[in-house]
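Hi,

Here is the structure I said I would pass on. Have a look at it first, and my notes on what turned up follow underneath.

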Amino acid sequence: MTQTTAIIDIAADEWVAACTASAARGCDVVDWLTAVDTAESLFVLVHLVDPGSSRSEMLRCELNSERPEIASITSWFPGADWHERETHEMFGIDFLGRSQTNALLIRAGDGLSPLRKTAPLDARVRTPWPGQESATGRRRQKLPPGVRAEWTRDE
Amino acid sequence: MWRLASRPDVAVDVASPRPACCALEVEAAGQRGLLVASETVPHAATVTVLVVAGTVTTALEPALVRLFDEHAQRGPVIIVSFGACATSGGPYWDAPTVRPGIEVLFPGQEIASYVPGCPPRPEALVVELERLVDSRIPA
Amino acid sequence: MSDSTPQRNVIALLPEACTSCMVCVRECPSWCISVESHVEEVSEEGARRPRTVNVLDEFTIDYGLCMYCGICIETCPFDALAWRDSFDYPSGDRQGLRQDAVDLSRWWTTGS
């Protein structure tokens, strides 16, 4: 039976302080750090664990979705380095105080933040959706699944 | 590298570049004795079957083409598209970093076979390999 | 070589059960199903006015895209789609994996 860890919301300017306070309480190992884009908001989350016990804390910070940035915690948590690199690559979030380059999986210059909801899926825009058809020939007005209206505006 | 268990007379090496989950089915074929692991370096007359088993990302493409070129220097290469990802990009057909199918990666080369599945069973691979070998390299 | 448990190796179609409702087409996450149909009027003895019915013209599954999730089978309101065991249907070309209603209905009875 798993325990659900409560999520604690932290303001951006208190991010480092909150993480180090969690470490002072014993949760000094970064289990994972990642981001969530709900389309309405963009969050960064970190799960800090106490390796000696089953205790852990999950901290969350809401970011500005137009210019997402937050302090890097790698100076205090070296284990966060890989996670911040990946989160930067996938969501385009700048982790201040560390190098923003050395991409992991996506080639530099592709200009993508693929896990952002706004990142266009050109293949879905270009490919006719089979679900547009109907027996009566009347075409459905709504967008195909996974296609946002703003991606089709330039069509 | 592998050889078909049923055709030990033919030096057919299955070289699977192992991009993703389909590669596990190739391993499973080995587990079930349908393919035999081979350490020997193939000689000049060997036919190589290049089984592309998994999602091909745009970052992986140059390595895959290089692998084909290396095998092509030793002899004929038969390319098999194994599973939905190699055939069309599969569930990831719409991802900007995924190649939606290997057809265009080897210009001038035919893809000898497209094996459907997500992933296909190990038996599906071996049955089709045996068919390809028997039709192109009679015993 | 085969297991005794039912396998999810191919999806079969029973065309006479299909009403061209298109639910499977719309729910398929891979966009691998396409259905063509048209409407016809059917007059019936004693009925006040003719019924309109959907007539299935073509039903295609692209097995090069299909990820065998089974959502189409689960959502079909008329049980016109089902799993079958056959796994051996590779093709020498990409187009050969796009199976039409004739191919798909053959699995229903012979796909075991």
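Let's begin with chain B: its secondary structure comes to four helices and six strands. One caveat before going further is that this is a predicted model. Going along the sequence of chain B, you meet the elements in the pattern β-β-α-β-β-α-β-α-β-α. Chain B has 139 residues, and 46% of them are buried. If you take the contacts in chain B with a separation of 6 or more, 78% of them come from residues 24 or more positions apart.

Chain B also touches chain C. There, 17 residues of chain C are in contact with 20 residues of chain B. Sorted by class, the chain C side of that contact has ten nonpolar, five polar and two charged residues.

Now for chain A, where I spent my time on a sheet and the helices that go with it. The sheet is open and has four strands, in the order β1-β4-β3-β2 (chain A), and the pairing is mixed. At the edges sit β1 (7-9) and β2 (29-37) of chain A, each of which pairs on one side only. From one strand to the next, the twist averages 25°.

As a reminder, strands of a sheet pair through backbone hydrogen bonds, in either a parallel or an antiparallel way. In this case β2(A) and β3 (residues 42-49) of chain A run antiparallel, with eight bridges joining them. If you want a residue pair to click on, Thr34(A) has Leu45(A) in β3(A) as its bridge partner.

Two helices of chain A are worth a look against this sheet. Helix α1 (residues 15-24) of chain A lies across β3 and β4 (56-63) of chain A, and runs at about 180° to β4(A). Helix α2 (residues 81-91) of chain A packs on the sheet too, where it touches β2 and β3 of chain A, and its direction makes about 10° with that of β2(A).

How much of α2(A) is covered? Most of it: eight of the eleven residues in α2(A) are buried. Charged side chains turn up in that set, with Glu84(A), Arg85(A) and Glu89(A) among the buried residues; Met90(A) and Phe91(A) are also on the list. What do the buried residues of α2(A) pack against? They pack against β2, β3 and β6 (94-96) of chain A. Just after α2(A) comes Gly92(A), which takes a positive phi of about 75°.

That's it from me for now. Shout if anything is unclear.

Cheers

Technical notes:
Residues numbered from 1 in each chain as written. Chains lettered and ligands numbered in written order. Predicted model: local features only at pLDDT ≥ 70, side-chain atom pairs only at ≥ 80, totals over all residues. Contact = placed C-beta atoms within 7 Å. Pairing = 2+ DSSP bridges. Axes fitted to C-alpha atoms, helices over the stretch in contact; angles between N-to-C directions. Buried ≥ 20, exposed ≤ 12 C-beta atoms within 10 Å, placed from the backbone.
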